[in-house]
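Me: Can you walk me through this one? I'd like to start with the packing.

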Amino acid sequence: MLGDLSRRNWLLLAILVLISLFWRSSAVTLGVLAGGLIAILAHYWRYLALTRLLGAPSQQSAKGFQINYVLRLAVLGSLLFLLIAKARVDLPALVVGLSVVVLNVLLTTLKRTIRM
């Protein structure tokens, strides 16, 4: 299941980056690309952490998950700060890129609902 979602994440990101090229602005394209990469990598990082937690449930793994969560939040917050403050990416484009995984889940849900 994650394989299908992952492939669609990358496909959706590629489509959004191609659409962003119509703006002819490197800030817009970089915003979509950076946001999409952050969203996909954060989703995968969360998947690995949950797999570890659920694979061997113990007090130690729960503590590790909590530490991992705080670390992931700090890394993502730092990346977003750097992109917005230093790289000067277009903020709406960054939000569109960050929405790649959410859009993919929404489209997958709609697709499965229609099939029923």
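Below we chat about the cores, a surface patch and a loop.

Reply: Heads-up: this is a predicted model, where local features need pLDDT of at least 70, side-chain atom pairs count only at pLDDT 80 or more, and totals for chains, interfaces and linings use all residues. Residues are numbered from 1 along each chain as its sequence is written, and side-chain values use heavy atoms, leaving out hydrogens and water.

Me: Ok, how many residues are in the largest nonpolar core?

Reply: There are 11, including Leu-12, Leu-16, Val-28, Ala-93 and Val-101. A core here is a set of buried Ala, Val, Leu, Ile, Met, Phe, Trp, Tyr and Cys residues joined through side-chain atoms within 4.5 Å; buried is under 20% relative accessible area, exposed over 50%, partly exposed in between (1.4 Å probe, protein chains only).

Me: Which helices each supply at least two residues of this core?

Reply: H1 (2-20), H2 (26-55) and H5 (100-115). Helices are DSSP runs (H or I, at least four residues), numbered from the N terminus.

Me: And what does Leu-13 touch?

Reply: Not counting residues up to four places away in sequence, Leu-13 touches Val-32, Leu-33, Gly-36, Leu-37, Ile-40 and Val-100. Contact means heavy atoms within 4.5 Å.

Me: New topic: where's Phe-22?

Reply: In the loop between H1 and H2. Phe-22 is exposed, at 72% relative accessible area.

Me: Same question for Ser-25: where is that?

Reply: Ser-25 also sits in the loop between H1 and H2, but is partly exposed at 25%. Its C-alpha is 9.9 Å from that of Val-89, 64 residues away in sequence.
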